[in-house]
Structure formats: C-alpha cells, structure tokens
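Trainee: I am new to this one. Could we go through the terms and see what each rests on?
Mentor: Gladly. Here is the model.

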Amino acid sequence: MPSSDHPVSAINEPLRLGGKFFREGGSTCLVKAVTFGPFPPGAFPDEGRGQLPRIREELGANALRLFEVPSLGFLHACASEGLRVFITIPWTQHVDFVRRRSALAEADERLLETITRFRGHPAVAGYFVANEVESTLVRWMGASAVVEQIERLIDLGHANDPGTFFAYANYPGTEYLLPQNQDFVAFNLYLEDREAYAAYLARLQNLAGNKPLFLSEFGIDAQSHGEEKQAEILRWAVEEAAEAGVAGVTLFSWSDLWQRGGKQVAGWSFGLTRDDQAARPALGAVRECWEELKKPSDVLSLGTAPRVSVIVCTHRGSATLVPCLDSLVALDYPDFEVIVVNDGNDSRVAEIATSYQEVRHLGTEHEGLGAARNTGAGVATGEIFAYTDDDCVVDPEWLKWIAHQFDSDPSLGCAGGPNLPPRPETATRARVAAAPGGPTHVLLDDLHAEHLPGCNLAVRREVFKEVGGFHTVFRAAGDDVDFCWRVLAAGYGLGFHAAAFVWHHRRFTWRAYLKQQIGYGRAEALLMPMHPERFRGAGGAVWKGRVYVSRRRFGPFVYHGHYGHEPFQLMYPGGDSWFGEVALHFLWWAVMLAFAIGGIFFAPLFCVAGLMLFGTGYVAFGRAGRSPVEPEFDTTTSRFALTGLIVAQGIVRSGSRLLAGWRHANWGRSLQFVGGTAAETLAKGWWKLGDELEFWSDRGLGREELLAAILSAYPGAEDDSSGKTDVILRQGRFWNWAVITVTEYHEDEGRLTRLRVLARPQPLMRLLVSPALLVLPFAVALGFGFQNELLTFLLVFAVIFVAARLFMWAKHPRFHRIAREAGFEVV
C-alpha cells in the first residue's frame, strides 16, 4: 500500500500469536469481533462507516469480520477506530472446485488482488481463504482434496503477505477439514444449549491442537427466541468461550440488515441492532461481558487461590534454565513458590538458580528424575505441586488455568495441559519437532486425560502422599506415566485444559532425539512388569484414550450421517495403524534381515524381504507426509529426512524396550494382535470404481428428490447407514453397488445434481485379491518366475474390472429414465 495511503491508526501493535492465544504488544488479548455485512444495496450509503464508532464504543468490540472485500477508505475508518478486520475472500466454492479449475483460478485471483491492495494496512488482521465448504460437497470431492486446495490458498497468502494471518472458517459439518498451515483454527458454531456448547468448545480446542481456537461466527435468532433470550445466550456464550480458553469470538451479526446472493434475507433476526439501527438488549449484555474481559483468563474466579509450589527438576540443564526461570518468576498468580532441584548439584545450575531471589535451590546427589521430583515435593509448602521441566517456558496465566481445573472439579487428583513446541530456528529442529515419540498427553475425553507429561503436571498434595509420590527406579523418563496410572487406579481423575499450556523445547539435534527415544524405550521396559495389563506383548503401551497427535486424519474416522447431512460430522481419531506399529518395529527389521540373508540360499525369500521393506517405506513416507513441518523448513529434503527419523525412531525405541524388557513381554498376545488385526484390515478396505452422471433442474429439485426416485425404482435398495454413500442398490457375493450424490446450488432455483455409481468389493473379494496383488508383482520383478500366474491373475482381475464398468455403463439409461421421471434434465 503506498505510504500516502496510510491512515491515522488507533492500532499501535500488530496482532501476533502466542501459544493458544492472540497477543498484542507482548500481552495476551481477547479478540472481540462482530460480523459486519454483507448489507442489502442502499442500507448504508457510506459502507457502514457511521456504524464503526458504535461498534467500538457501544459494543466494546475490537474487530470485525467481513464477507466482502471492503474499500480502502473503509479500512482507514476501521484503523482510526481501533478495529481490526478479518476479511473473507469471496469466490465460487459451492461447486466441485477440485475439478472445475476456473473456480480455483478465481480464488487465486481474488486473494492476490485483495492482499496486494491491503498489504501492510494496520487494520488488516487476517484473511479467511474460504468459508464453510458444504459437507456433502466435501464428501463428494474428498476431504483430502479439499484440504489440499485450502492449504494451497493459504500458502499463496503467506508467500505474498508473510506478516498476516490466514485461516479457513470451518463448521461442525466438516470438523475434519483442518489445514495444517493455517495460523489459527476457526469454526462457525451455532448451539443454543449451554452445556452442549461448552462441551463442543473443549472438543474444538483439542482439534485445534497447538494453535489458537477462534470462533468465527456465533449467533442467536431474536425472532424465534425473543430478544431477552438472545441477550442471555450471547452473554453465556462469551463467558463459556473465555472459560474454554478460546482466543476470540465473532458474534453474528451487527445488524438485521444483511443479504445473501444479492437478495435481502428475511425471517431471521440475528442482529445486535434491528433494521432501524436501534440496539437490542443483547448489545448491552455483550458489552458488559466484554468490558470485564481483556484476556480469556479474566473470566476465571478462583475465590481463595490455593498456594502452588512450582517444581523444576534439572540434571545439567543450565543451557535452557534461564528462560525457564524467567517465565516462572513472571507468572501472573497471587500465591506461588519456585523450587529448583539440582539433580547432581551442577555448579552452573546452582549459579543460575541462586541468582533469582524468588527461587529456592536444592542441590542433591544424582539420583534420577523420580527421586528429584520427590525431593522437591518434600520441601514444598503449597497445596498443589506443579511440575515443569528445565527446557520449558510457561505461559504467564499457566497457574490460573491449573488452579481453575482443581477448583471446578474436586475429583481431580492431577491437572495439566498441552506442551507446545516453540517455533524452530533451524531445519533440524523443525524435523525433530515433527517427528513422533515426543512427550504428549493421552486423552480419555476432551477434559480428562489418561496421561499428562511431567513437563506440565500438577497434583494435589494429599493425592501425592496417598499414591506414594514418584517411583525412584525411573531415572530419566517413565516416572510421569507410572504416576498418572497410579493416580487413576486410586480413583482420581486427571484434568486437562487446552489453555494450561507450556512451551517445551524438543531436542535440538538428531542424536539427542534418538538418545531420548532410547531412554523412553528403556523406561517402557521398566513399566512393563509394574503394569503388565497396559502393554501389548512386545509393542508399546496400550492406551484406553487417544494419544495426542497433530497428523491429519481422514476417511473411516468420520461419521457423515444420513445422506451426508449429519450436522456435527464427528471425527473419531484412533491410534496409528497396527501395520504402522509393526512395520517400524525392531523385530520387523530383524525378520527382514533374516529373510534377506536366507535369500542367498533360497531366492524367493528376497521377495518377502522386499515386500517388508516396501511396507516400512510406505508407512514412514505416509506419516512424514501427514506430519506438520514449520512452513519455512517444509521442503522435499525435510520430508525425506523426517521419513528417516520416523524409521530410526521406531527401531531404536522398540529395540531398547525389547532388549531391556523381553523377559516381561507377552509374545502370545503380540502374535494374536498382529494376526487378528491384519485379517480385519484386509476385510474392511474401501476400494471403489466410480462412474458419474449429471442432472439439472431449474425448479429447485436436488439430490433428495433424485435419491427418493432411485429408492422407488430399485426394489431392495436401502439407505447406507454409514453415510459413506447414500443408497446401496444391491449387495452381491463379491460386489456391492451403491450411489453417492451431491447438489450444487446456482442462481434462482437452478440445481446441478451429480451422481456417482460405485462398485465396492465385498470382504471375501478383498481377502482373495489383496495377497496376490502384493506378492505376485514382486516375485516377477525379482526374477522368481510366476509370470504365467501373474498374467492369469491380471487377466481375471481385468475381466472383473471391465465387467464392473460395463455394468455401470449399462445402468446409464435406467438412471436417465429415473431422473427424467423425477423432473430432471440429463446433462
């Protein structure tokens, strides 16, 4: 933006990110936004600039969300009022844009035009590159393809305006669309029940992972609920969002005057102001809440704050101790102490710790981490012991969120939150931060954990004494896992809150990372005889909850609902695949090496070894591709290096666990798990052969009418209860036949409905075909013969494939007839 165009601005500091929150000038701030427009033509001749002082003063908002690209003068007016602006880029996203490249070209053009025009403007806080891609359209295009395009738009934005935020405005119907490169996670949410709203916010916080959660829309219709009820709901919505640690809330909307598709919307009254610009009671109710909330933690009411003893155990950890202690002495909490347990009595650690007047230093012989934690607890004076590590930096509000959990739920024995990796400064650190096996929490649900890492673990004094503290056999790792399991066994809960976070440095070098993983493996070996029910033979720990990972997940974990219309299409994430655990295990490599050596004497064994190596590569490359790498260092080299780290981590961790704990491994359970899960996986795969048709209606007819006609025309057809398709036409011994549909909404009553006919192999077919598909090509490629068998198999498979295609092609006239009889035109 030319220097002459810079406005007089009341915004002094740019908006930044800090952990799970937005920051302004180094301090946590709450984004308090309201949607503004789009208005019907002529509603506000000055683009609504005259409303901006009211929004700032009467409502107390500090941000706007726009659904149209504003003029430069409007942004100048926002800057002068101190209102930040989040701009939604408008483009044609209601069509199959994965195939219709003209829609993506339009999105690119509008995004580049907008950020070029406003680059550097103080009022611009960020952009939404898309808003609520409709759930059935996402199911049609494929979630991974949609996310790929959204991420491409975000990358385009970052490349052309690096200092500005970019995100996707999601909604519960597609909660699984989580672009990894967005700066914060945004959701449009409309829930009228307070308990359900609070519960879903906790879920969204965990979906958001390491990033701030921003409510990009929340509103209540005053016409259907009444104005007083609207005010009541918006009041508790703002309070509950702050209590959930949400970084910002956008209320929908400022005015009842709004339009969609060029037409004014009637029958809804979501505005804080009426058509005549008069204020509703909700405006005053929200203002009262926002006046008290400068940051999310301001909503917390602790009564008498319990005294907290913060305990840092360190063994030669002087390199990172200074920023750790700087953050601890700066905590915003009324009653706490800081204790440093110097395990090994390192002179440099002692020098640093004693230089802080507020820090109590305890030098001890080197007895290990478990003993050091107990030593700190032995001298602590607090009602709560809060443990963190010497390579952590805590958020200033950390103890408030910890104390809030204990205050809210007396049944909790422990409480904690996430540990977030700081932004890496080198490519090596970025790769290590993206690698698996770091300290992380395991969640039973969105507010309760099965495990809390020791770098962010708080415990009540009486519970600590009841379970006997930490076991001193754990000298470097594993102590927190054992402790949490014993607290659970004693009948107490482990609380988790996304806002109770610390920054935790990952290892700085590959060597340090792999050394850490070896230590974790040895610690798991110590845990095996203590908690045999928690381990699956020679594998890792068996968790009842979900291990927290930030890799993208799609497919079988999503429940789409009837015809893909489920309002809350929940994602059910599980652990990594059974094959992933097996293919990265030390024993897998040992068996592979044995087959390779055996191949010297019996050549076909080389084929088996090659298949095993291919399986390992497939798993490692897949995980590396789904893992988030800091964009600055996200290169092809980084992805290959990460693949190597994933393979090495699997080998060294499982190997050290096995070497130290093989006597305690349940080998029969391991074999039972591998065999049973392999058969189950082969039987439930989703292979598809698709054939597509298109139908048009200018009378408002869509997929619901077409599906009803198909059900009537096919006796025995039934709705697909899984939601993966719409209607199952026929179930045969070897194949299922099904259809999936989507409708694009065009001007007036125009509707384009797409239909895809699917042929899906039954479990028996998959079990028969899968082994042959894997083994025969490798055997031929490695020169072991079987050419005739392979050719025969491929010929049979080709005949089946062609037969399925011919069957679908033969059904075209019937589908055309069904559609015409239902009132559609064949495209």
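Trainee: How many helices and strands does the protein have?
Mentor: There are 26 helices and 32 strands. Keep in mind that this is a predicted model.

Trainee: How much of the protein counts as buried?
Mentor: Of its 827 residues, 55% do. The cut-off for buried is under 20% relative accessible area.

Trainee: Which contacts join residues at least 24 apart in sequence, and what is their share?
Mentor: Take the contacts between residues at least 6 apart in sequence. Of these, 75% join residues at least 24 apart.

Trainee: Which strands make up the closed barrel?
Mentor: Eight strands do, in the order 4-5-6-7-8-9-10-11, with parallel pairing. Neighbouring strands are turned by 25° against each other on average, direction ignored.

Trainee: What makes strand 4 and strand 5 a pair?
Mentor: Pairing needs at least two bridges. Strand 4 (residues 31-35) and strand 5 (residues 63-66) have three bridges, in the parallel sense. The two strands therefore count as paired. T35 stands opposite R65 in strand 5.

Trainee: Where does helix 5 lie?
Mentor: Helix 5 (residues 143-160) lies across strand 7 (124-131) and strand 8 (165-170). Its angle to strand 8 is about 155°.

Trainee: What about the other sheet, with strands 16 and 24: what makes those two edge strands?
Mentor: Each pairs on one side only. Strand 16 covers 359-364 and strand 24 covers 493-496. The sheet is open, has seven strands in the order 16-15-14-17-23-19-24, and its pairing is mixed. Its twist averages 25° from one strand to the next.

Trainee: How do you know that strand 14 and strand 17 pair?
Mentor: Count bridges again. Strand 14 (residues 308-314) and strand 17 (residues 384-389) share six bridges in the parallel sense. At least two are needed, so the pair qualifies. V312 stands opposite T388 in strand 17.

Trainee: Which strands does helix 10 lie across?
Mentor: Strand 14, strand 15 (336-343), strand 16 and strand 17. Helix 10 runs at about 160° to strand 15.

Trainee: Why are helix 10 and helix 11 called roughly parallel?
Mentor: The axes of helix 10 (residues 318-329) and helix 11 (residues 347-354) cross at roughly 15°. Angles under 35 degrees count as roughly parallel, so the label fits. The axes come within 10 Å, and the crossing is right-handed. S318, L321, V322 and L325 of helix 10 meet R348, V349, I352 and A353 of helix 11.

Trainee: Why is helix 14 oblique to helix 21?
Mentor: The two pack at an angle of about 50°, with axes 10 Å apart. That angle lies between the under-35 class and the 65 to 115 class, so helix 14 is oblique to helix 21. Helix 14 supplies R431, V432 and A434 to the contact; helix 21 supplies T637, S638, A641, L642 and L645.

Trainee: Which residues of helix 14 are buried?
Mentor: In helix 14 (residues 427-434), A430, R431, V432 and A434 are. The buried residues pack against helix 17 (510-530) and helix 21 (636-661).

Trainee: Which members of the largest nonpolar core touch the most other members?
Mentor: I55, L59, L64, F97 and Y197, out of 92 residues. Helix 8 (residues 227-243) gives the largest share, eight residues. A second, separate core of 40 residues includes L321, V359, L399 and A403.

Technical notes
Residues are numbered from 1 along each chain as its sequence is written. This is a predicted model: local features need pLDDT of at least 70, side-chain atom pairs count only at pLDDT 80 or more; totals for chains, interfaces and linings use all residues. Side-chain values use heavy atoms; hydrogens and water are left out. Helices (H or I, at least four residues) and strands (E, at least two) are DSSP runs, numbered from the N terminus. Axes are lines fitted to C-alpha atoms, for helices over the stretch in contact, and angles run from 0 to 180 degrees between N-to-C directions. Contact means heavy atoms within 4.5 Å. A nonpolar core is a set of buried Ala, Val, Leu, Ile, Met, Phe, Trp, Tyr and Cys residues joined through side-chain atoms within 4.5 Å. Buried means under 20% relative accessible area, exposed over 50%, partly exposed in between (1.4 Å probe, protein chains only). Angles under 35 degrees count as roughly parallel, over 145 as roughly antiparallel, 65 to 115 as roughly perpendicular and the rest as oblique. A crossing is left-handed if the near helix is turned anticlockwise from the far one by less than a right angle, and right-handed if clockwise.
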